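Student: Got a minute to go through this one with me? I'd like to start with a helix end.

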Amino acid sequence: MRLCTAICAALLGATAASAFAAIDSTAATDILQKNNCLACHAVDAPLVGPSYRAVAKKYAGDSTATDKLFHKVRDGGTGVWGQVGMPPNAQISDADLQSVIAWILAGPPEH
Ligand code: HEC
């Protein structure tokens with residue numbers, strides 16, 4: 001996994017127009033779990049909220065997505081994916097939130 005951090009960072013850098021440090025799936029899952037995101041989201045299937053792969057697809061090529069989603073997850077909101085809203089997520093650190101959003105937008109890998 002340490003090796004992946006270096007290699008994946010290079011691969012992600014080629015596809016994701018993101019200024020944030022790339023993290024591997026183990027680190028991302030860790031952050032998502034710690035902050036309760038996985039109670040409402042899965043990588044490849046909609047739960048309460050959209051799957052992270054659907055999010056990656058929706059915002060592919062949108063250079064404002066990182067910033068937009070950072071504030072959306074931080075403040076919560078509704079109406080993009082349906083009637084169900086996401087509550088604000090105040091507990092997650094800025095660095096962790098930036099990292100997982102970069103990971104989501106890069107397109108979470110198959111498991
Ligand atoms: C209580 C359930 C819940 C939790 C907890 C939750 N979400 Fe969500 N999330 C949602 C719902 C519902 C939506 C769809 C909102 C909408 O349609 O605008 C959403 C949308 C999103 C989106 C897409 C936003 C958009 O506007 O397209 C991202 C990215 C996201 N969540 C990431 C996260 C992350 C990261 C966490 C953890 C810090 C998290 N979510 C925690 C329910 C949740």
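Student: What follows α4, and what is the sign of its phi?
Tutor: Gly76 follows α4, and its phi is positive, near 80°. Helices here are DSSP runs of H or I with at least four residues, strands are E runs of at least two, and both are numbered from the N terminus.

Student: Before I trust that, what kind of model is this?
Tutor: It's a predicted model: local features need pLDDT of at least 70, side-chain atom pairs count only at pLDDT 80 or more, and totals for chains, interfaces and linings use all residues. Residues are numbered from 1 along each chain as its sequence is written.

Student: OK, back to α4. Which of its residues are buried?
Tutor: Ala65, Leu69 and Val73. Buried means 20 or more other C-beta atoms within 10 Å of the residue's own, exposed means 12 or fewer, and partly exposed is in between, with C-beta atoms placed from the backbone.

Student: Why are those three on the same side of α4?
Tutor: Because they cover an arc of only 55° around the axis, taken from the directions from the helix axis to the C-beta atoms.

Student: And which exposed residues are on the face turned away?
Tutor: Asp67, His71 and Asp75.

Student: What do the buried residues of α4 pack against?
Tutor: They pack against α5, where contact means C-beta atoms, placed from the backbone, within 7 Å.

Student: New topic: how many helices and strands are there?
Tutor: Five helices and zero strands.

Methods: Contact = placed C-beta atoms within 7 Å.
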